[in-house]
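Q: Please take a close look at one part of this structure. I am new to it, so explain the terms as you go.

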Amino acid sequence: MNTGLVLSGGGARGFAHIGVLKALEEYNINITHIAGTSAGAIVGALFAAGNSWGTILEFFKKVPIFEYKRYAYNKPGFIDTNMFYKDLLPFFVTDDFNSLKKQFYVPTTNLIEGKEMVFNSGELLKPILASAAFPGLFTPVIINGIPYADGGILNNFPIEYIKNKCDTIIGVYVNSLENVSLNELKHSYQVANRAYNISFVSQCENKFKEVDLLIAPKELEKFGMFNLKNIDAIFKIGYESAIKVLENNKNSLLK
């Protein structure tokens, strides 16, 4: 039986994906296929390589994403995405999709052609980094002479790459939309965060009907996409939300 896992993008809210992995382990759910965008691409790749949820959580706690040494010089972005290559490499047997223990698909955006490009073979780490390269903040990643950026620009919930390969699909979406008050839109970063949430939901909501289980914690919207100070709180929300969904569906879908 093949069980697929779709992991959305969402910046720091992607820490919730790690909590979901913990819940899946506790319910003895074996994931065979993964499709992940942006933050979901990094978490998904680390998991597909055989790393435990605890190891993945520790990785994100230790990597200094906004360290000044990672600032980009003469490149289109504030943070040089390529600087994270050396952080990821030790967690993989080799820099190749063939080294993974699960089938893995990662969408990116080809900035030259304005089209989506999904990677699932060959060199591994550059596509992962490209998928997580939020435009303007992180520099694009050059692959075969082409600059690639955040997969979430065009596909923030890449179910289509695994839906016909799996008997059951579990989707994790970390950009749920709730009504907000005017007081919650006082600052530019709040407006930008809200705008991206609206865009992501509009792009993805039709796909939610295609999953067997959807884990979409509503509490995550209060956390900004680049708020790295609440990793434990976000992780806990992901875990508790997943436990609730799995418990409610264990008899019908998880036999």
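A: What follows deals with helix H1 and its contacts with helices H7 and H3. The model is predicted, so local features need pLDDT of at least 70 and side-chain atom pairs count only at pLDDT 80 or more, while totals for chains, interfaces and linings use all residues. Residues are numbered from 1 along each chain as its sequence is written, and side-chain values use heavy atoms, leaving out hydrogens and water.

Helices (H or I, at least four residues) and strands (E, at least two) are DSSP runs, numbered from the N terminus. H1 covers residues 15-26 and H7 residues 231-249; their axes lie 7 Å apart, at an angle of about 40°. Axes are lines fitted to C-alpha atoms, for helices over the stretch in contact, and angles run from 0 to 180 degrees between N-to-C directions. H1 and H7 are therefore oblique to each other; angles under 35 degrees count as roughly parallel, over 145 as roughly antiparallel, 65 to 115 as roughly perpendicular and the rest as oblique. In contact (heavy atoms within 4.5 Å), H1 residues including Phe-15, Ile-18 and Lys-22 meet H7 residues, among them Ile-231, Phe-235 and Tyr-239. This contact has 13 nonpolar, 2 polar and 2 charged residues. Ala, Val, Leu, Ile, Met, Phe, Trp, Tyr, Cys and Pro count as nonpolar, Asp, Glu, Lys and Arg as charged, and the others, Gly among them, as polar.

With H3 (residues 53-62), the H1 axis comes within 9 Å and crosses at roughly 165°, so H1 and H3 are roughly antiparallel. Here Phe-15, Ile-18, Leu-21, Lys-22 and Glu-25 in H1 meet Trp-53, Ile-56, Leu-57 and Phe-60 in H3. The residues of this contact divide into 7 nonpolar, no polar and 2 charged.
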